[in-house]
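Work through the exercises below with the coordinates open beside you, and attempt each task before reading its solution.

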Amino acid sequence: MKERPVIRRIRYDGIHSVSESDILDRFKNARLGLRLRVNSIRRKSKKAEVVLGELLGEHGRQFAKVTPQYERIASSNASF
């Protein structure tokens with residue numbers, strides 16, 4: 001049995017022109033469903049890149065580069 005990746009943390013480093021609440025609102029409007037502690041599919045990550053890039057473009061950052069970073073962490077038996 002293979003365990004699916006789970007989102008443990010979402011960080012938005014280097015974004016000063018848009019607030020985190022604006023990002024989360026845009027994700028909600030795009031029905032992205034990117035939340036903590038849920039099984040994630042990399043397809044959602046790609047969609048998040050596009051949505052975030054569009055939002056930054058609307059705020060004058062049309063050449064901004066959105067790069068997701070994935071970190072593999074050791075699994076634990078700790079409950080959420």
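Contact, as the word is used in these exercises, means heavy atoms within 4.5 Å. The structure is a predicted model, and in the sense just given the buried residues of helix 2 pack against helix 1.

**Exercise 1. Overall make-up**

Task: Determine how many helices and strands the protein has, and what share of its residues is buried.

Solution: Begin with the secondary structure, where the count gives 2 helices and 0 strands. Next take burial: of the 80 residues in the protein, 20% are buried. The accessible surface comes to about 7000 Å², and carbon and sulfur atoms account for 48% of that area. Finally, consider the contacts with a separation of 6 or more, of which 64% join residues 24 or more positions apart.

**Exercise 2. The span of helix 2**

Task: Compare the expected span of helix 2 with the distance between its end C-alpha atoms.

Solution: Helix 2 covers residues 42-58, and its 17 residues, at 1.5 Å a residue, should span 24 Å. The expected span is 1.5 Å times one less than the number of residues. The end C-alpha atoms of helix 2 are 25 Å apart, which agrees with the expectation. After helix 2 comes glycine 60, with a positive phi near 85 degrees. A positive phi, of about 50 degrees, is also found at arginine 31, although this residue is not a glycine; arginine 31 sits in the loop between helix 1 and helix 2 and counts as exposed because its relative accessibility is 75%.

**Exercise 3. The nonpolar core**

Task: List the residues of the largest nonpolar core and state which element gives the most to it.

Solution: The largest nonpolar core has 10 residues, namely Tyr12, Val18, Ile23, Phe27, Leu32, Ala48, Val51, Leu52, Leu55 and Leu56. Two or more of these residues come from each of helix 1 (20-29) and helix 2, and helix 2 gives the most, with 5 residues. For one core member in detail, take leucine 52, which touches Tyr12, Ile15, Ile23, Phe27 and Val66 once residues up to four places away in sequence are set aside.

The buried residues of helix 2 also include Ser45 and Glu49. Serine 45 counts as buried because its relative accessibility is 12%, and beyond its neighbours within four places in sequence it is in contact with Pro68 and Tyr70. Glutamate 49, with the same exclusion of residues up to four places away, touches Val66 and Pro68.

**Exercise 4. The salt bridges**

Task: Identify the residues that form the 2 salt bridges of the structure, and decide for each partner whether it is buried, partly exposed or exposed.

Solution: In one pair, glutamate 58 bridges to arginine 26, with the closest N and O atoms 2.8 Å apart. This pair links distant parts of the chain, since glutamate 58 lies in helix 2 and arginine 26 in helix 1, 32 residues apart. Glutamate 58 is exposed, because its relative accessible area is 54%, whereas arginine 26, at 22%, counts as partly exposed.

In the other pair, glutamate 49 bridges to lysine 46, and the closest N and O atoms are 3.7 Å apart. The two residues are 3 apart in helix 2, so they are separated by about one helical turn. An α-helix has 3.6 residues a turn, so residues three or four places apart point the same way. Glutamate 49 has a relative accessible area of 19% and is therefore buried, the cut-off being under 20%; lysine 46, at 53%, counts as exposed.

Notes: Residues are numbered from 1 along each chain as its sequence is written. This is a predicted model: local features need pLDDT of at least 70, side-chain atom pairs count only at pLDDT 80 or more; totals for chains, interfaces and linings use all residues. Side-chain values use heavy atoms; hydrogens and water are left out. Helices (H or I, at least four residues) and strands (E, at least two) are DSSP runs, numbered from the N terminus. A nonpolar core is a set of buried Ala, Val, Leu, Ile, Met, Phe, Trp, Tyr and Cys residues joined through side-chain atoms within 4.5 Å. Buried means under 20% relative accessible area, exposed over 50%, partly exposed in between (1.4 Å probe, protein chains only). Accessible areas come from the Shrake-Rupley method with a 1.4 Å probe; for residues, only the protein chains shown count as cover. A salt bridge is a side-chain nitrogen of Lys or Arg within 4 Å of a carboxyl oxygen of Asp or Glu.
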